Amino acid sequence: MLSSILVPTDGSDHANKAVVFAADLAKRYGAKLTLLHVIRGPGSEHVPEELVEYARVEHLAVTERDLLEGAAREILEKAEKQARNHGAAEIQAVIDVGDPARRILHHAAAGKAELIVMGSRGLGDLRSLLLGSVSHKVSHLAPCTCVTVR
Ligand SMILES: Nc1ncnc2c1ncn2[C@@H]1O[C@H](COP(=O)(O)OP(=O)(O)OP(=O)(O)O)[C@@H](O)[C@H]1O
Ligand SMILES: [Mg+2]
């Protein structure tokens, strides 16, 4: 039996494959799916000068964190739609901030995940790598079975 699956996603094609794979398993087992995106932190809160000037003129306050949170919400919304389209019924979407691998491991333990499904690679551009640094660390330290999807 499988009742709880954790899918960390950075919005990459690799992670999307993991979402589809996990949604299919969730459907078959009637398992709960948790989608997790970790904003790398602590952020520098750095915003380009031009954007700061634009924000001043438009009376907006734009921080790097605002942009990252917007992207995080979008990544999770897309992932949730995709998971529903592939049959997952019970879906939870979570945003966290910190070191991605550490936060993923924390959520796996705290949420008593029985399976972690993630991409073997992500948004990084070192195409020669078989495993990215996040999937490498999580698969070595995971408290449960961890599948890295290719
Ligand atoms: N910030 C994140 N939040 C949630 N999940 C993530 C995050 N970053 C990566 N992942 C998960 O880890 C998988 C592998 O990504 P990873 O970052 O390890 O590879 P990469 O980007 O190719 O390499 P690197 O980041 O080491 O340059 C992704 O497909 C996704 O499932
Ligand atoms: Mg990465």
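**Ligand 1, arginine 121 and the salt bridges**

Ligand 1 is surrounded by 20 residues, and the closest are Pro8, Arg121, Gly124, Ser133 and Val134. The model is a predicted one. Backbone atoms of three glycines make polar contacts with oxygen atoms of the ligand. For glycine 119, a backbone N or O atom lies 3.1 Å from an oxygen atom of ligand 1. For glycine 122, the corresponding distance is 2.8 Å. For glycine 124, it is 2.7 Å. On its own, ligand 1 has 620 Å² of accessible area, and the protein covers 89% of this.

Arginine 121 is also among the residues closest to ligand 1. Arginine 121 sits in the loop that runs between strand 4 (115–119) and helix 5 (133–141). Arginine 121 is buried, yet it forms no salt bridge. Aspartate 125 carries the nearest side chain of opposite charge, and it is 6.6 Å away. That pair does not count as a salt bridge, because the rule requires a side-chain nitrogen of Lys or Arg within 4 Å of a carboxyl oxygen of Asp or Glu. A polar atom of the arginine 121 side chain does lie 3.1 Å from the backbone oxygen of glycine 124. Glycine 124 thus appears twice, with a backbone N or O atom also 2.7 Å from an oxygen atom of ligand 1. Leaving aside residues up to four places away in sequence, arginine 121 touches Ser12, His14, Leu126, Arg127, Leu129, Leu130, Leu131 and Gly132.

Elsewhere, charged side chains do pair. Side chains of opposite charge can pair when their charged atoms come close. The count comes to four salt bridges. One of them joins arginine 28 and aspartate 24, at 3.0 Å from N to O. These two residues are four apart in helix 1 (residues 13–29), so about one helical turn separates them. Arginine 28 is exposed, at 63% relative accessibility. Aspartate 24 is partly exposed, at 27%.

Another salt bridge links glutamate 80 and arginine 84, at 3.2 Å from N to O. Both residues belong to helix 3 (residues 64–85), where they stand four residues apart, about one turn of the helix. Glutamate 80 is partly exposed, with a relative accessible area of 23%. Arginine 84 is partly exposed as well, at 41%.

Arginine 103 and aspartate 96 also meet in a salt bridge, at 2.8 Å from N to O. Arginine 103 is partly exposed, with 24% relative accessibility. Aspartate 96 is buried, with a relative accessible area of 15%.

Terms used
Residues are numbered from 1 along each chain as its sequence is written. Chains are lettered from A and ligands numbered from 1 in the order in which they are written. This is a predicted model: local features need pLDDT of at least 70, side-chain atom pairs count only at pLDDT 80 or more; totals for chains, interfaces and linings use all residues. Side-chain values use heavy atoms; hydrogens and water are left out. Buried means under 20% relative accessible area, exposed over 50%, partly exposed in between (1.4 Å probe, protein chains only). Lys and Arg count as positive and Asp and Glu as negative; His and the chain ends are not counted. A polar contact is a pair of N or O atoms within 3.5 Å; within protein, one must be able to donate a hydrogen and the other to accept it, and residues adjacent in sequence count only if both atoms are side-chain atoms. Contact means heavy atoms within 4.5 Å. A residue is near a molecule or strand if one of its heavy atoms lies within 4 Å of it. Accessible areas come from the Shrake-Rupley method with a 1.4 Å probe; for residues, only the protein chains shown count as cover.
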